[in-house]
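Reader: Before I set anything up with this model, I would like a close look at a single part of it, taken slowly and with the numbers kept in view. Please start from one pairing of strands, work outwards from there, and then set that part against the rest of the chain.

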Amino acid sequence: MQWTKVLGLGLGAAALLGLGIILGHFAIPKKANSPAPSISAPQDLDLEILETVMGQLDAHRIRENLRELSREPHLASSPRDEDLVQLLLQRWKDPESGLDSAEAFTYEVLLSFPSQEQPNVVDIVGPTGDIIHSCHRTEENVTGEQGGPDVIQPYAAYAPSGNPQGLLVYANHGTEDDFKELQTQGIKLEGTIALTRYGGVGRGDKAVNAAKHGVAGVLVYTDPADINDGLSSPSETFPNSWYLPPSGVERGSYYKYFGDPLTPYLPAIPSSFRLDLANVSGFPPIPTQPIGFQDARDLLCQVNVSVYNRLELRNSSNVLGIIRGAVEPDRYVLYGNHRDSWVHGAVDPSSGTAVLLELSRVLGTLLKKGTWRPRRSIVFASWGAEEFGLIGSTEFTEEFFNKLQERTVAYINVDIAVFANATLRVQGTPPVQSVVFSATKEIRSPGPGDLSIYDNWIRYFNRSSPVYGLVPSLGSLGAGSDYAPFIHFLGISSMDIAYTYDRSKTSARIYPTYHTAFDTFDYVDKFLDPGFSSHQAVARTAGSIILRLSDSFFLPLKVSDYSETLRSFLQAAQQDLGALLEQHSISLGPLVTAVEKFEAEAAALGQRISMLQKGSPDPLQVRMLNDQLMLLERSFLNPRAFPEERYYSHVLWAARTGSVATFPGLSNACARANDTASGSEAWAEVQRQLSIVVTALEGAAATLRPVADL
C-alpha cells in the first residue's frame with residue numbers, strides 16, 4: 001500500500017504548543033486591567049441576556065452559512081476543507097463578533113481514498129470472462145453538482161484493495177445470522193461475492209461476517225424500502241422529492257474503531273509512536289464496495305469487483321474558538337461539530353456547522369460589546385476527519401485527556417442539525433435531561449400554533465416517568481458522532497441535538513441522501529427546512545443550553561435522573577436474567593444494594609442543593625457541589641471493563657450486543673455464556689461484569705456524598 005506523507009514536524013509541534021497555551025491560559029486574564037477571576041463573584045444566569053441571544057439568532061444567516069459551507073465538496077484533508085478551516089478562523093477572530101481566541105491544530109492521520117488512476121469497478125462477467133454489464137462508477141449528475149472533479153467516487157473507506165471474482169449471493173444485512181441462514185439453506189459461500197444492504201449491523205461488520213464464511217468480496221447498497229418508503233423511479237426522487245435517486249450511493253468509513261488507526265490512545269502528533277501497518281486492526285478483511293440500488297437490481301450471477309483504495313497520511317485540523325470565563329475560567333462547556341463531509345455535505349455536517357457559526361456570532365458580538373462574559377469558559381470546536389472514524393475529536397481527547405476530564409462540565413454535539421422539520425430529537429446522558437427540558441420549555445416551536453419545542457417534542461417522542469409523568473424521551477448515545485470519545489472515553493456528560501422527521505410518516509432509517517452527492521444546499525432549502533426555522537430552533541435550543549451550563553451559579557445537571565436509568569436496568573436484569581443467574585449461583589443482591597445506595601445518595605445531594613439555593617451559600621461550597629455533579633459521569637468509567645473494545649470505558653453506555661436492556665457488560669456476558677456449562681470462563685466473565693457494575697455504582701454513590709465524607 002502506498003503512503004503519502006505531507007505534514008512537517010514543525011507544524012505539528014506548533015499545533016501542540018498552541019493548544020497547550022490556549023487551554024492552559026484559561027485561568028489567566030488576557031488584559032492587564034482585567035480583574036482576576038474570583039469564585040466569590042455572584043454571577044448567575046442572566047435571563048435578559050438569554051432572551052437577547054434567543055432573539056438575535058437569525059434563520060437567514062444560518063441559511064447563508066449553509067450555502068457557503070456546502071458550496072463545494074469538502075472531504076477531510078482536501079483543499080476546500082482547509083478553506084473552511086480558514087473561514088472558521090476568520091469568523092472567530094472577527095473584531096466585532098469574534099471570540100477571545102481561535103486556533104487551528106493539525107494532526108497527521110491515516111485516511112483512505114479511492115485511486116484516481118484506477119477507479120473502483122463492479123462488473124458482471126460471462127462464463128468466458130467477458131463483461132456483460134458495468135455498474136455506475138459515479139452518481140447521475142441530476143443538478144450539475146454531482147459531476148465535479150472534487151466529487152469523490154463512491155467507495156468503502158479503509159476497505160483493502162483486491163480483485164475478487166465469484167458468484168453473487170444475496171446476504172440481506174450481512175449479519176452473522178444472515179450468513180448462517182444461507183449455509184443452512186445449503187448455499188456454498190466460499191469464494192462468492194455477497195450483496196448486502198445497509199442496516200442491521202455496522203458497515204465494517206458486514207465484511208467481517210462475510211470473511212468468516214469464506215466470502216471473497218462484499219457489495220453494499222441502500223435499499224429503497226429502507227430509505228425511500230419504497231419509491232425508486234427518477235420521477236419520484238431528488239430533485240423532484242427528498243428521496244434518493246436510483247444511482248445514489250452511500251459512502252462511509254468501514255473502520256471498526258474511532259480515532260487515527262495508527263495511534264490508538266495516543267494523539268497523532270509527530271512525537272507519538274505509530275503502529276506498523278501490518279499491526280493495525282479494525283480494517284475490513286476483504287474488498288468491499290458500495291453501489292446504488294439501481295445497480296443492485298441489475299446484478300446477476302458472476303461478478304467481478306475491483307477495489308483500488310489506498311491509505312495515505314494526511315493533515316487534518318481541528319479549529320477551536322474560546323470565550324474565557326469570567327469567574328470559573330477553568331471549567332469548560334464544549335460545543336462541537338465536525339467540518340468534513342463525503343461530498344457537499346449540506347445536511348451532514350454543514351447544517352450543524354451553520355448553526356454553530358451563527359451561535360458563535362451572536363455570543364461573540366455580545367462579548368466584543370462588553371455586554372456579557374460567561375461565568376465558565378465556552379469552547380467551540382470544529383472537528384476534522386469525523387467521517388473517517390471520529391478522528392479529530394478523538395485525537396483531541398487523547399492529547400488533552402487529563403485536562404478535559406478534570407475541567408469539562410459537558411459536551412454538546414450538533415452534527416446534523418436538521419434531518420427534517422417535524423420535531424426536536426435529543427440523545428444524551430440522564431443528568432442533562434433537566435437542562436434540556438428547561439431550555440425547550442421556553443422556546444417556541446417552528447410552524448403553526450403556539451407550542452413550545454418541549455410540547456411539540458412530547459407529541460412525537462415520549463415516555464412515562466415514575467417521577468415526572470409523561471415527558472419527552474431522550475435517546476441514548478451510541479458512537480455515531482463526535483460525542484463518542486467524550487462520553488465513552490472521558491466520561492463527560494454529553495448530548496446530541498437535532499430536528500428530525502415524523503416517524504409515522506416515513507420508514508426512512510435516515511434522511512435519504514445521506515453520504516451521497518445529492519446532499520446539497522438546494523436539497524435542504526427545498527425539502528428539509530424551507531425558511532430554516534428548524535435550524536433556528538436548534539440554534540436556540542443549543543444556545544439556551546450553553547448559557548444555562550456556562551452561566552448558572554449551580555450547575556443545572558440533575559444526577560438523581562440517573563436513578564431511573566439504573567432502576568430500569570436493574571429491573572431488566574432481575575426479570576430477564578435473574579433465573580438464569582440463579583441457576584449458576586450468581587446473586588443480584590449486591591447489585592440491588594448498589595442501586596439503592598446510589599438512589600439514596602443522589603436524593604440526599606438534591607436536598608442539599610435545594611437547601612443551599614434557598615439561602616446565600618458560600619461560593620466555594622457551591623463550587624464543590626458543582627464538581628460532584630460534573631464528576632459523577634467519570635465514576636462510571638472502568639478502562640478494563642471491555643478489553644475487546646477500544647475507547648469504551650463507560651459501564652452504562654458501552655455497546656450492548658445482548659438482547660436484555662440492562663447494564664451492557666452484564667447483558668453481553670450473559671448472552672455469550674448462555675449455552676456454556678457452569679464453571680466455564682464465560683460464566684466467570686458474567687461474575688466479573690457484575691462486580692464491575694457494582695463497584696462503579698458504589699463509586700458513583702461515594703462521589704455524591706458530602707466531600708468531607710470518605
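**A strand pair and its surroundings**

Author: In this predicted model, strand S2 (residues 121–125) and strand S10 (residues 302–306) run antiparallel and are joined by four bridges. Within this pairing, Ile124 has Val303 of S10 as its bridge partner.

The pair belongs to an open sheet of seven strands, whose order is S3-S2-S10-S5-S6-S7-S9 and whose pairing is mixed. The edges of this sheet are formed by strand S3 (131–134) and strand S9 (288–291), each of which has a single partner strand, so one side of each is left without a neighbour in the sheet. If direction is ignored, neighbouring strands here are turned by 35° against each other on average. Helix H6 (residues 203–212) lies across strand S6 (193–197), strand S7 (217–221) and S9, and its direction makes an angle of about 145° with that of S7.

Two backbone details deserve attention when the geometry is checked. Tyr158 has a positive phi of about 75° although it is not a glycine, and this residue is located in the loop between strand S4 (156–157) and strand S5 (165–170). Further along, Phe238 and Pro239 are joined by a cis peptide bond with an omega of about 15°, and Pro239 sits in the loop that runs between helix H7 (224–227) and strand S8 (252–253).

To place this part in the chain, one can turn to the division into domains, which gives domain 1 (47–110 + 314–445 + 477–551), domain 2 (120–307) and domain 3 (559–704). For domain 2 and domain 3, the C-alpha centres lie 38 Å apart, and seven residues of domain 2 are in contact with five residues of domain 3. Between these two domains about 670 Å² of area is buried, with carbon and sulfur atoms giving 54% of it. On the side of domain 2, the residues that lose the most area to domain 3 are Tyr257, Phe258 and Tyr265, which together make up 72% of what that side buries. The number of salt bridges between domain 2 and domain 3 is zero, whereas the structure holds 31 salt bridges.

On the domain 3 side, an unreviewed UniProt entry carries the annotation "domain: Transferrin receptor-like dimerisation" for residues 586–705. Over residues 586–705 the chain is 60% helix and 0% strand, and its end C-alpha atoms are 29 Å apart.

A second sheet offers a useful comparison. It is an open sheet of seven strands with mixed pairing, in the order S1-S11-S13-S12-S14-S18-S15. Strand S1 (101–113) and strand S15 (423–428) are the edge strands, and each has a single partner strand, so one side of each is left without a neighbour in the sheet. From one strand to the next the twist averages 20°. S1 pairs with strand S11 (residues 310–323) in the antiparallel sense over 13 bridges, and in S11 the bridge partner of Thr106 is Ser317. Helix H4 (residues 79–92) packs on this sheet, where it touches S1, S11 and strand S13 (376–383), and its direction makes about 10° with that of S11.

Helix H9 also belongs in this picture, since it lies across S11, strand S12 (328–338) and S13, and runs at about 145° to S12. The peptide bond from Asp348 to Pro349 is cis, with omega near 10°, and Pro349 is found in helix H9. The side chains of Arg361 and Glu358 meet in a salt bridge with an N to O distance of 2.8 Å. Because Arg361 and Glu358 are three residues apart in helix H9 (residues 346–368), about one helical turn separates them.

For this stretch there is again a record to consult, since UniProt places the feature "domain: Peptidase M28", from an unreviewed entry, at residues 318–526. Over residues 318–526 the chain is 33% helix and 25% strand, with its end C-alpha atoms 31 Å apart.

Key
Residues are numbered from 1 along each chain as its sequence is written. This is a predicted model: local features need pLDDT of at least 70, side-chain atom pairs count only at pLDDT 80 or more; totals for chains, interfaces and linings use all residues. Side-chain values use heavy atoms; hydrogens and water are left out. UniProt positions are given in the numbering used here, feature names are shortened, and annotations may be inferred rather than shown by experiment. Two strands pair if DSSP finds at least two bridges between them. Axes are lines fitted to C-alpha atoms, for helices over the stretch in contact, and angles run from 0 to 180 degrees between N-to-C directions. Contact means heavy atoms within 4.5 Å. Domain bounds come from an automatic or database domain assignment. Buried area is the accessible area (1.4 Å probe) that two parts lose on being put together, summed over both. A salt bridge is a side-chain nitrogen of Lys or Arg within 4 Å of a carboxyl oxygen of Asp or Glu.
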